[in-house]
Amino acid sequence: MKITDIKTHVLTTPLNTVFKTALRTVDAVENILVTMFTDASLIGFGSAAPTAVITGETIASITGAIAHIRDCIIGMDIKNHELLFQQLNRCMVGNNSAKAAVDMAIFDILAKSVGVPLFRLLGGEAHEVETDMTISLDETPRMVDQAQKKIDEGFKVLKIKVGGDVALDIERLTEVHQAVRGKAALRIDANQGWNPKEAVFVGKTLEQKNIPIDLMEQPVTAENFAGMAFVRQNIPQPVYADESIFSAADALELIQMKAVDGINIKLMKCGGIYNALKIAAIAETAGIPCMIGSMMECNVSVTAAAHLAAARSIITSFDLDAPLFFSRHPGQGGISYQGPRVVLPEAPGLGIRSLKFK
């Protein structure tokens, strides 16, 4: 079963609401949709989300990278998938979001070829997970209002975006805690928005205020591994790495430095499911739990992430709410949402039936 072609299409989708973090503010997102064709008439789907401030990738770079990847793997046999994944990963340096889109299309075809959902091909049984819900960075009253609305919708875990102004961040977290106390667990995500001492100050202040926090995600800049270790050693809350981890090698180094309590795996950062499985294996060996997350991605790639999440017991936290911000979805089929429940399709592969380009 050989690859005969790979086609891309760029789709711009407005969001239901403005999404703001310490790194960027967006009201519409662009995703690159990928369709892979084979000589066996099986078709695979994937998608990539350009996030220049995190992955360094843009629409132009991703489409160009996928064109190069196509030239490197065209004609290869999908059934010889280990060789195929190796070629995908070594055909160019970086460009992980582009690689992720192609990777998930390959996995889609592999699962379809044996007639099972991808999560079952990967060893999973449960067909649903429960996601948290992100509260975008905003003025404190608006964040409180959003938190209360999401509680009313049934969400039991909220991820609060912070970063930048430490005093204001503490105010935001204090007010949100008072509004949802006993109704939802809180996680905080600084998106690299603090320096190490600021992160420690926030962690200790929250402890003094008796504000329970499930975890603190990426408090310092991605490259500051020593800073991550400093924060972890000086606050009571678990510290999770996100932007710091693009590869299994990154995960191994952070674990060896005792710099993390957990790892947020994102397909766009690591280059797809093939590499995500390596990160999960390293984390499991070290006894480090994982979260599965996403950028501002459409339901196609988040469906792929959900299949991985349902197949690995070391993945215990789920941040798969991105499609809930979208005003429309390009992938027909795939995951569905019932409040915080993310339900995976039982159809073969990803369960994406087709892609809509308008």
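Which residues of α11 are buried? In this predicted model, the buried residues of that helix are Ile-273, Tyr-274, Asn-275, Ala-276, Ile-279, Ala-280 and Ala-283. An α-helix has 3.6 residues a turn, so residues three or four places apart point the same way. With that rule in mind, the reader can follow the buried positions along the helix, for instance from Ala-276 to Ile-279 and Ala-280, and on to Ala-283. The helix itself has 14 residues and reaches 20 Å from its first C-alpha to its last, which is close to the 20 Å expected at 1.5 Å a residue. Just after α11 comes Gly-287, a residue that takes a positive phi of about 75°.

The same helix leads us to a pocket. The second largest pocket of the model, with a volume of about 170 Å³, takes the largest share of its lining, three residues, from α11. Two other helices, α2 (residues 81-90) and α3 (residues 96-113), each supply at least two residues of this lining as well. The residues that line the second largest pocket are His-81, Phe-85, Phe-107, Leu-110, Leu-121, Leu-122, Tyr-274, Leu-277 and Lys-278, and by class they divide into seven nonpolar, one polar and one charged. Tyr-274 therefore appears in two parts of this account, since it is among the buried residues of α11, where buried means under 20% relative accessible area, and it also belongs to the lining of the second largest pocket.

From here we can turn to the largest pocket, which holds about 300 Å³ of space. Its lining is made up of 16 residues, of which Thr-17, Val-18, Ser-136, Gln-146 and Phe-325 lie nearest the centre of the pocket. Strand β1 (residues 3-20), strand β5 (residues 133-135) and helix α5 (residues 140-152) each supply at least two residues of this lining. Sorted by class, the lining of the largest pocket has seven nonpolar, five polar and four charged residues.

Helix α5 also contains Asp-152. Is Asp-152 buried or exposed? Its relative accessibility is 70%, and because a residue counts as exposed when this value is over 50%, Asp-152 counts as exposed. Asp-152 and Lys-183 are 31 residues apart in sequence, while in space they are 9.6 Å apart from C-alpha to C-alpha.

Besides its pockets, the model has one cavity of 30 Å³ or more. The volume of the largest cavity is about 200 Å³, and 21 residues line it, with Phe-19, Lys-161, Lys-266, Ser-294 and Met-295 lying nearest its centre. What classes of residue make up the lining of the largest cavity? Eight of the residues there are nonpolar, four are polar and nine are charged.

Finally, we come to a sheet, in which three strands are arranged in the order β4-β15-β14, forming an open sheet with antiparallel pairing. The edge strands are β4 (residues 128-130) and β14 (residues 336-338), each of which pairs on one side only. From one strand to the next, the twist averages 25°. Strand β14 pairs with β15 (residues 341-343) in the antiparallel sense over three bridges, and a reader who wishes to find one such contact in the structure can look at Ser-336, whose bridge partner in β15 is Val-343.

Methods
Residues numbered from 1 in each chain as written. Predicted model: local features only at pLDDT ≥ 70, side-chain atom pairs only at ≥ 80, totals over all residues. Heavy atoms only, no water. 1 Å grid on protein atoms, 1.4 Å probe; cavity = no way out; pocket = protein on both sides within 12 Å on 5 of 7 lines; lining within 4 Å. Points joined across faces, edges and corners; volume = space filled by probe spheres on them. Helix = DSSP H or I, 4+ residues; strand = E, 2+ residues; numbered from the N terminus. Nonpolar A, V, L, I, M, F, W, Y, C, P; charged D, E, K, R; others polar. Buried < 20%, exposed > 50% of the residue type's maximum accessible area, 1.4 Å probe, protein only. Pairing = 2+ DSSP bridges. Axes fitted to C-alpha atoms, helices over the stretch in contact; angles between N-to-C directions. Expected span 1.5 Å × (residues − 1).
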